[in-house]
Structures are given as structure tokens and as C-alpha cells.
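Biologist: I'd like a close look at a single part of this model, the nonpolar core. Please start there and then walk me outward to the chains around it.

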Amino acid sequence: MNIFKKKVTVATNEFNQVVVGNSLTKDAWRRLKKNKMAVIGMVVVIFYSLIAAFAGLLPIYPYDEIILDHQHLPPSLTKNAGELMRVKKMEDLYAKAWRAGRLVVTEEQDAQLKQWVKDNQNNKVWEFCYAEGEAQRAAGTFAFNSSEQRTIDRLEEKIATELQVTVKHVYWTNPETSKRYDVQKMDYKEMLELYAKMFNVSPQAVEEQTEMEIRAQLLNSIKATAPDFTDEEYAGMVEDELKKLGEKGYDSLASQNIYGKIVTQSRRVVEQELKTIVSDTDTKFPLKETFGVGNDMTAQVEASKKHERRYFLGTDYSGRDMLSRIIYGGQVSIAIGFVGTLTSVLIGIVLGAIAGYVGGKTDYFLMRFVDIMYGLPYMLLVIICMAVFGRNILNLFFALALVSWLTIARMVRGQIMSLKNQEFVEAARSMGASTGRIIFKHLVPNSLSVIIVYSTLRIPAFIMQESFLSFLGLGVQAPYASWGSLVGDAVASMTLYPWKLFFPALAMIIFLFAMNFLGDGLRDAFDPQSKNQL
Amino acid sequence: MSDATAMKERQPLLVVKDLKQHFPIDAGLVFKKQVGAIRAVDGISFSVNAGETLGIVGESGCGKSTSIRSIAQLYKPTSGSIVFNGTELTTASEKDLLLARRDIQMIFQDPYASLDPRMTVRSIISEPLVIYNKRGLLDKPMSAIDIETRVEELMERVGLNKAFKNRYPHEFSGGQRQRIGIARALALSPKIILADEPVSALDVSIQAQILNLLTDLQKEMGLTYLFIAHDLAVIEYISTRVAVMYLGKIVELSKAEDLYMKPMHPYTRALLSAAPIPDPKVERTRQRIILSGDVPSPDKERTGCYFYDRCPNKMPWCSCHIPPMFKISEGHECACWLYDSTDHAGQSMEEAEADALASLRAKETAGSDIGAERK
């Protein structure tokens, strides 16, 4: 009964009901939903995009935190970093023992091991020596000598006690008003005094020291961008740079410098304090506490046992977590894919629509310009752009967008030319519609399906190009990552540390596959003549 | 009806004088050079009175649609004048043109191509209102709700269910789509509607519905139509006056019944004789006038009668003299030398050519005199 009533409120007779139209887009959406691969592709793309967008909220290690003890740890679901380090050390020791002849193996095995060494397959040597050594040690036929045992003991102690301390904030409490201030937000002079008090030196000395350091920093950055000058010229350039900075810029640089030192000092103090309590079983790690660091100053720190970390996808050459590097790398790659495509599509639509609709000389010159751009080697142009304007993400993305609007401009022009003589455009003109209205209300929406399909297929191409450039070392620079740069970094040590190559490549492959399936699905969905119609 | 309104009704709403629409033929890669022109419309003159329907007939490619598009200023006419309601459209400023266009609306031939497939019926019908509202050229500005009610009103007026306003054109049949096109043309309450073969893409029963709708609307709103068709029966049904076009020229212009009863021009006769008659007995005895040859290409300038190549009654005179419109009776004009007061039938080719040359010379000297005076 209830259902019946509801129906009645919607429509009392056939004349006062409002029928919702079945637009072409809606139709396409319905057809897309029937295409399983496209839907899977879409889900994957959405999943990737969400992960990339909310990477900052995920419980992963910072992608740029370098822990040198954790270099090249293999991926593992069960063992934490400490255990892996221990295994690695043992492998090393057993292999050394085999070389020294202390780990006795059969002649056949010996020959095999030598062959592996010859073939540069050290991984297999280590693995075999570790397995053999553990077995022999358990059987009592092999024992570590005292120096080896010492090394292992030291490592184990290190694993048990070493802490990763991060200083989140440093506060200064005014002893008179007992009000707390965040040191990072103070201005340069106040910071200077605090620092001087901390180390018991005169503020003037600190100021001089800071100035020297800033000069050195500027000199280094200038030397990096413009090599081959004499020392006097460099000195002049530093002065220029200082002038350019002005008082404000200098102060901000200087306070960054001093704040860094304050943080380092605070961490040292906290680390000392924590060392005494780390062996207490009562203290639970990771901890998040506030410690006094002297001179009315307190530091809010997070501390965790460094070697209890787990790296599910292993680590790279400076001990950074591959999982978070892949996620943050995906962020860069996907962003470049989407934003780059969007920019090139926008440029392409506007120029293509103008060329197609206005026609005549405008069309002629625009299209000849496109032809010339086509004639230039595409990648070379991007590489030159990157080399001239400097290597950073923004330039990379501009360089890619700059040369990739050509195809879409041509395509839109073709579409618009075939549409502009249709009667509905003439109808709009006879109604006094302006050129802009005709282009953007009638012509572009009608060619949108082609544009959407093209852009979805364009995104993977963009990601590939970005990866290629990063692979060549022209794209994203460390500590930032992108899938391409991760693969590029891993290629050199591919045989020793295959996981460094495998996981970023896998992540990229899945995304590109998904994107291509989605693009194909969209093309079929938007094409009314396609076979999988409703 | 008072005399004043009668006078006003007789006053022509649209006067077209010597309208020419030539499309240039260009050659060359970068620097285009005009090497010729397609003379789609080559000097037509007529006037349309308020409240009447002027039908234009002619075979395909004779320039019917082009002339209507030039009148609507979709093409820039090559020469000639179009005066609508006192405004000269060919030289009007953009604002004047827009104001004049508010009263000139078009209905298109193909109901499938003339509606934007990405727009709902509501936005299609309201588009002229929205454009003119935005430009501030409506008599009084309309709010969104005003426009919405106007759209519903129009939909009901042309016989569409207003519940369908959110639908898209592809969800309608051809006849319904043409109704949408008519509703769009009516949105700004125009004075004249230029209908470019509005029924030729529809089947016969739907044609009748649309024609009846158009006549009803004309009676109700006092609309004027300039109506193109190549179906003679349709033209006979809807027109008060008929213009017959051939190769970019009007060859005969008369009241509808006159034309069908007493066709004067040889081409009109041939055209009318080609139409089947829905009566088997008459149809069996129908005499067809079969024209020889094809319609010549409109790409060269002509010195004689445009119909000369195919005319069954041609005389040597016709080959080198363009016929003016001869008045046959009240409201009946025909461009054929047969109806000249002097009889040209006896003249030989030599005589005709000599006469043409002499008149050309006379024109040239007159031209150079004017040139000399100017100097």
C-alpha cells in the first residue's frame, strides 16, 4: 500500500509528470557498466587515485627518511628490520668463513659456489652459505671465532637498543609568565638568543657563524647551477644573491638554519636520556612524550625502536621504505598523468576549436604551427626543455604538456569541422548565438566523447613518458620519487636486489593496464555503433 | 477590419531586391585566388506581405535554401538588398541585426540534424530566450522561472507533452522533433518564419500534421511564412503566393491558385506536369512535358535566359537576352520573352545577337559617361 501511495505522489496523470531524459552520457555510462574489464579498470584507477591522494594519512614510514643501517633489506612479511639485518650479517660472515676455508663444504658444492661467484650471482652464494653454516653450527661442526662473535653481539645490542627519535616540536616556556611558545614560529633574534643560551656562547658569535654558513650554502647552490667561474666571480655572485634575498629572506634562511641546530641539540639530549630507560622493559615503544631539554625548553618527541620496523616491499639503497616510496612515487606519476593530460586537453580543445570553427587563415597558420611542432623530435624537445629550465616536477610537467596538445588539437579541429556545418549550429547562429557560445555550448560538448576517450588513453602515455624521463635521470629528483625514477634507480643493481625493480614496475603495470582497459571501455561505451549496445 | 490595419497588412514585411549569393571557387595553396564562383542565387527580387505565406518551389540545387539562408544572414550576400520591417539587413550593425533577427526565425529541413543531440528539449527551446535575455535584447528581462513557463507553454502549443522537457532529441520521432524545432522558432514570438523544407524529411501523415500546425499557428499569431518545399502539393496547400525558382532565378511569381490553374512559364508547366495527380483517371491521361538535358552548372555568368538550354519554346532572342519579369495579370509575373509586348519569335539569331551587342555597347557608353562625369 505504501509503495502505491508513493507512486501516486510522483505522478497523478501523464501530463504533470516530469520525465527524466536519457542523455547520451547516461547511455554511455550504462554501457560502460556492462563492460567488466572496464569496470575493474575503473575500480583500480579509483583505488590508486585514492591511495595517492591520501598518502599523507596512511600509516607508512616517511618516504624520504634515510636509515643507513637498513640499506637493501629484502621484502619480508614475517621478519622485521633487525632480524633481516642479523641474517644479512650472518650471511656475510659465513661467506667470509667459506672463503677463508673455515666453513667446510663438499668439493662439488665448492665448485658450484665458485661458479656462482664467477657468474656474479652473489645472492646464491650468500643464501647457500647461510643455510649450510646454520646447519653446521647447529650440528656443532662449525663455530664462530671470537671476533665474529663480537660483531654479532654488537649488532644484536644495537638492534635491541637503537632508537629512532624524531623531534616534532620544540617549545620555550617564559619563566615569568609560564607561557609556552613554539620555537619554530619565533623570529630570528629570539631564536638566536635561545640558541646562544643553550650553548653558552655570545649571540654575536652565533650570528657570525650563521652568516658564514649561509654564504657557504649559497655558494654551493650557485656552483651547482653555474660551474666554471673564478673564486672572485663566485664571491660577487654570492653578494648579489644576498642582496636579492633582502633582510626578510636572509632572516628566514638564518632562522631555518638555527632551528635545525636547536632540533639536533634537543634530539641529542633526549637520546641521552632515553638510552638509560631503553633497557627497562616497562617502557613501551613507540612512545610520544615531552622532555625537558634545559634552559626552559621542552621538546615533543616521537621515539621508536629503529630496528623493529617492517618493510613489506624491502628498502632501497639508502634504507628508505620501498612501500612508501612506491605510494609517493605513484602520487607524482598519477598527478603528472592527470594534470598533464588535463592541461594538454584544455590547450588542445581551445586551439583546435578555434582553428576548426573560424577556419581560413587562422586555421591555416595554427595547423602549420602544429605541423612544425610535430616535425620536431618530441622527446628531444622535452629533454632540452628540462635541461634549460632545470629539473623539477613542475618543469617536467610543463615540458610534457607543451608538446602533447598537438594531437588533441588536430582531433578536436577535425571533429569541429565536421560538426560546424550541421543544421543545429546553423540554427544556433540564426538565433544570434555568439561564436564562443556555439563553440563551447554546441561543438565541444558534441565532440566530448572523443576527447574523453582520447584523454583516458593519453594518461598512461603521459605516465610512460614521465617514467622514461625519470629513468633517464631528467625527471623527478631525489628525495622525491616517481615510478620511473624508482625503476631507473633499481636497474643498476637488478640482479642483487630484484625487489627494487619488481615492485615499482608491478605497480606501474597494473595502473597502466587498468587505465587502458578503462579507456577502451569508454571508447566502446561512447560509440553508438559499437557491437555491445544495450 | 479598419482601413488602416488593412493597409498595414498589405505593406510588405520583407522586401528582397536583386539578391545575389555567389560562392567563390578558390585555387592556390597559400595565397588563394578566386578563379570563379558558384552562382547559387543570381539576382532574385520579391516581397512578402505580413500575414501571408510565400512558397518557393524548384528542383534540387536551384538555390531555394541558399536564398533563405542569405535572408537569415547565415551567409553574407554577395550583393542586393534585404529590407525587413524597415531594417536593411545587409548593412545593419550587429545590434540592429540581432534585433531584426529576433523577428526572423528559421525552421530547418532535417529534424534529426537541426537539434543539438547533447541538449535537453528544455534547453533547446529556451536557447533563443536565454541568448537574447543575456544580451539584454528582450522587451523585458525574463527570470529562469519565466523562461521555464514559456518553454512549457510553447511545448503545449506545438502539441508536445511538457513532461518530456528533460528528454533528449534522440528519444523523439521525426514529427515530434520537428515540433520541437517549431517551438524553438516560436520562442521569441517572431514576425516571420523562414521554413526550409520543414516537411520534406517526414512521412506523409506527419507532413499533414505539421502543415496543419503551421497554418493554425499562422492564424493564431498572425505569422508570416517564407516556405520552401519541392513538393508541389504541399506548396499549393499552404501558400498564398508561390515563387518558382530555376538556377538561382525566380522564373514565375503568382498567387497560388493562378499558378496551378494557369502556369505561364515553360519551366513551371514542365514542373507541374511532372507532379502525379491523385486520381487514376486523370493520371492516366496526364500529359508530361519532358525536358531535355540536365540543369546546367551554375558556375558561369549567363547572358541569355537561364532556362534557354532546356526550354521547349526557345527562340533565338532568348539566347542573348535575360528576360525581365513580365506582368501577366494582377499579382502574376513571369520571366519569359514569350510574354513580351513585342513578338520575338520571328527574329533570327543574327538579329538577336546584333541587338544584344548594341544594347551592351549602349550600356558601356552610359557607364563610361558616368565614369567621365565622376572624373
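Modeller: Here is the core, followed by the chains, their contact and a few local details.

Before we start, please keep in mind that this is a predicted model, in which local features need pLDDT of at least 70 and side-chain atom pairs count only at pLDDT 80 or more, while totals for chains, interfaces and linings use all residues. Residues are numbered from 1 along each chain as its sequence is written, and chains are lettered from A and ligands numbered from 1 in the order in which they are written.

A nonpolar core here means a set of buried Ala, Val, Leu, Ile, Met, Phe, Trp, Tyr and Cys residues joined through C-beta atoms within 7 Å. Buried means that 20 or more other C-beta atoms lie within 10 Å of a residue's own, exposed means 12 or fewer, and partly exposed is in between, with C-beta atoms placed from the backbone. In soluble globular proteins, nonpolar side chains tend to be buried together.

The largest core has 161 residues, and the members that touch the most others are Ala183(B), Leu194(B) and Val244(B). From chain A, helix α11 (residues 322-358) is the biggest contributor, giving 14 residues. (Helices are DSSP runs of H or I with at least four residues, strands are E runs of at least two, and both are numbered from the N terminus.) Because domain 1 (80-161) and domain 3 (322-533) of chain A both give residues to this core, it lies between them. Another core lies apart from it, with 18 residues that include Trp172(A), Met191(A), Val206(A) and Val293(A).

Let's zoom in on Val244(B). Leaving out residues up to four places away in sequence, Val244(B) touches Val57(B), Gly58(B), Ile250(B), Val251(B), Glu252(B), His265(B), Tyr267(B), Thr268(B) and Leu271(B); contact means C-beta atoms, placed from the backbone, within 7 Å. Leu247(B) sits in the loop between β9 (241-246) and β10 (249-255) of chain B. Leu247(B) is buried, with 24 other C-beta atoms within 10 Å, and has a positive phi near 55° although it is a residue other than glycine. Ala270(B), in helix α10 (residues 266-274) of chain B, is partly exposed, with 19 other C-beta atoms within 10 Å. Beyond residues up to four places away in sequence, Ala270(B) touches Ile289(B) and Leu291(B).

Another positive phi, about 50°, belongs to Asp18(B), again not a glycine. Asp18(B) is in strand β1 (residues 12-27) of chain B and counts as exposed, with 12 C-beta neighbours inside 10 Å.

Now for chain B as a whole. Chain B has twelve helices and twelve strands. Its radius of gyration is 23 Å, close to the 21 Å that the globule rule gives for 375 residues, so chain B is as compact as a globular protein of that length. That radius is taken over C-alpha atoms, and the rule is 2.2 Å times the number of residues to the power 0.38. Of the residues in chain B, 38% count as buried.

Chain A has 19 helices and four strands. Its radius of gyration is 32 Å, whereas a compact globule of 534 residues would have one near 24 Å. Buried residues make up 31% of chain A. Its domains, whose bounds come from an automatic or database domain assignment, are domain 1 (80-161), domain 2 (163-308) and domain 3 (322-533). The C-alpha centres of domains 2 and 3 of chain A are 43 Å apart.

Inside chain A, strands β1 (residues 163-173) and β4 (residues 297-305) run antiparallel and are joined by nine bridges; strands count as paired if DSSP finds at least two bridges between them. Leu163(A) has Lys305(A) as its bridge partner in β4(A). Strand β3 (residues 287-294) of chain A is also antiparallel to β4(A), through seven bridges, with Phe291(A) opposite Ala299(A). The β3(A) and β4(A) hairpin has two residues between the strands, and there Asn295(A) takes a positive phi near 55°.

Finally, where the chains meet, 25 residues of chain A are in contact with 25 residues of chain B. On the chain A side, α16(A) gives the most, with seven residues. That side divides into eleven nonpolar, ten polar and four charged residues. Here Ala, Val, Leu, Ile, Met, Phe, Trp, Tyr, Cys and Pro count as nonpolar, Asp, Glu, Lys and Arg as charged, and the others, Gly among them, as polar.

Technical notes:
Two residues are in contact if their C-beta atoms, placed from the backbone, lie within 7 Å.
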